[in-house]
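Here is a set of short exercises to work through with the model open beside you. Try each task on your own before you read the solution.

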Amino acid sequence: MTCTLETHRAEITALLDPVIARLGTQTLPVDSAELPGRVTAAEIAARLPIPAFTNSQMDGFAARSAELAAASPEHPVQLPLGLAAAAGDRQIQLLPGTVSPVMTGAVVPHGADTVIPVEATMQGAFGPLVREGEGEPSGAATFTAPSETGRFIRPVGQDLQAGAVVAGAGTRLTPTLIGALAASGVSEVPVRARLRALVCTTGNELMGGTAESGRIPDSNSPMLTAVLRGYGAAVEVLRLPDDAPALARELASQAREVDLILTVGGISAGAYEVVREALAPSGGSFHHVALQPGGPQGFALLEGTPVLCFPGNPVSALLSLELFLVPSLRRMAGLAEPVPEQYALADEVHSPAAKHQVRRGLLHDGQVTVLDPGSHLIHDLARADVLVHIPVGVAHLPAGTKVDTWRFHD
């Protein structure tokens, strides 16, 4: 049985949506190292306004604008100094006919409605300052221009009012959003629990040994694990030999402990297809997708846990993950759908018309060079910049044809 890429993706999405919906929640401190990239589990409201109080934007003098209205270079206005206010001090009172030295971030004194930068005064400097509790201030400041109401003053709640939504449910937590949460008085953040995934690679050839004995390194589990962890999943790895009964027992046991299982290899139409042999008796579905590379695909449900079965060649495995699992991972991680970019083909491209072909591409000077479609060429995969999708029904694209390209996962 052969199905389309879209049909198989819809099947996988239907399996995964309930898993994502039932992920639990946990609460993390706003300064937790685990918070960046996590997704909010609930709407979060500001506990404090931003700014939390009306404060000075400048080092300068807090004053009443009406008392400086007549100031000019020809007729400067001199006013005695009141108490000084620094960041962290409680609000002080500005007495009529005085100005208060005020530092950036300090509470604007009660009664003041404008701030004049210190460098805009005739003196250009503060001189001796006295804060509350330190004695009586002395000295004066001279002004040569008016200062309008509200000048260099940051009103309380100018950025965000207390009670306003800082982050909606399902929002990905960026460094700047974490900063906004902290500034609004939020100390603990409810987030979705991490998806618990198991990557299971199969094959006697991966069980250690030398190339002379037919053994190869397992490149799939490090690669797929890295992608999953990049989307916030907590991942464990299991490597098993070609033993279908042992695999069936192990997967059934692991299914009780995780949210998702990925198997790699053992699902094609040949002999010794261990994953197919292990899962088909318990209802696993295996079929061919009109896709190159990555045609063999399968899935099962064990103990209520989805099992996605990918082919074993590294390029096929990675592209299967990109095509069928990453869309759900992106939604889980609060990421938008990727937007394709168009580039002209540097050379002509041929594709099997009956299959949706996914090619790797290199970008250079506004063009894309399409690489060999081989499913084993993992170094070509590593050096590729983009994926190029050639849909079913297209057998030939001449050089210069504009094609949509997709960047690899974030």
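**Exercise 1. Two cis peptide bonds**

Task: Say where Pro 293 lies, and find the peptide bond that joins this proline to Gln 292. Then locate a second cis bond, at Pro 51.

Solution: Start with the position. Pro 293 sits in the loop that runs between strand 17 (291-292) and strand 18 (296-302). Keep in mind that you are looking at a predicted model. Next, look at the bond itself: Gln 292 and Pro 293 are joined by a cis peptide bond, with omega about -10°. Now move to Pro 51, in the loop between strand 3 (44-45) and strand 4 (55-56). The bond between Ile 50 and Pro 51 is cis, and its omega is about -10°. As background, most peptide bonds are trans.

**Exercise 2. The surroundings of strand 18**

Task: Which strands pair with strand 18, and how many of its residues are buried?

Solution: Take one partner at a time. Strand 16 (residues 285-289) runs antiparallel to strand 18 and is joined to it by 4 bridges. You can pin down the register with His 288, whose bridge partner in strand 18 is Pro 296. Strand 19 also pairs with strand 18 in the antiparallel sense, over 5 bridges. Here Phe 299 has Leu 308 of strand 19 as its bridge partner. Strands 18 and 19 form a hairpin with 2 residues between them, and Glu 303 in the turn has a positive phi of about 55°. Finally, check the burial: 5 of the 7 residues of strand 18 are buried, so the strand is mostly covered.

**Exercise 3. Placing Ala 255**

Task: Is Ala 255 buried or exposed, and which residues does it touch?

Solution: First find Ala 255 in the loop between helix 4 (244-254) and strand 15. Its relative accessible area is 2%; buried means under 20%, so Ala 255 counts as buried. Leaving out residues up to four places away in sequence, Ala 255 touches Ile 261, Leu 302, Glu 303 and Thr 305. Glu 303 is the turn residue of the hairpin in Exercise 2. To finish, pick the C-alpha atoms of Ala 255 and Val 307: they are separated by 8.5 Å, with the two positions 52 residues apart along the chain.

**Exercise 4. Two residues with positive phi**

Task: What are the phi values of Phe 152 and Asp 365, and where does each residue lie?

Solution: A reminder helps here: most residues other than glycine have a negative phi. Phe 152 is not a glycine, yet its phi is positive, about 55°. It lies in the loop between strand 9 (140-143) and strand 10 (153-154), and is partly exposed at a relative accessible area of 22%. Asp 365, also not a glycine, has a positive phi of about 50°. This residue is in the loop between strand 22 (356-364) and strand 23 (367-370). With a relative accessible area of 69%, Asp 365 is exposed.

**Exercise 5. An open sheet**

Task: In what order do the strands of the open sheet with 3 strands stand, and which strands are at its edges?

Solution: The order is 7-5-8, with antiparallel pairing. Strand 7 (100-102) and strand 8 (114-117) each have a single partner strand, so one side of each is left without a neighbour in the sheet. Neighbouring strands of the sheet are turned by 35° against each other on average, direction ignored. For the pairing of strand 5 (residues 60-63) with strand 8, count 4 bridges; Ala 63 stands opposite Thr 114.

**Exercise 6. Core and pocket**

Task: Which element gives the largest share of the largest nonpolar core, and which gives the largest share of the lining of the second largest pocket?

Solution: Begin with the core of 42 residues, where Leu 195, Leu 228 and Leu 329 are among those that touch the most other members. Helix 6 (314-332) is one of the elements that give two or more residues to it, and its share, 11 residues, is the largest. Then turn to the second largest pocket, with a volume of about 440 Å³. Of its 21 lining residues, those nearest the centre include Arg 9, Glu 322 and Trp 406. Helix 6 again gives the largest share of the lining, 6 residues.

Definitions and conventions:
Residues numbered from 1 in each chain as written. Predicted model: local features only at pLDDT ≥ 70, side-chain atom pairs only at ≥ 80, totals over all residues. Heavy atoms only, no water. Pairing = 2+ DSSP bridges. Axes fitted to C-alpha atoms, helices over the stretch in contact; angles between N-to-C directions. Core = buried A, V, L, I, M, F, W, Y, C linked by side-chain atoms within 4.5 Å. Buried < 20%, exposed > 50% of the residue type's maximum accessible area, 1.4 Å probe, protein only. 1 Å grid on protein atoms, 1.4 Å probe; cavity = no way out; pocket = protein on both sides within 12 Å on 5 of 7 lines; lining within 4 Å. Points joined across faces, edges and corners; volume = space filled by probe spheres on them. Contact = heavy atoms within 4.5 Å.
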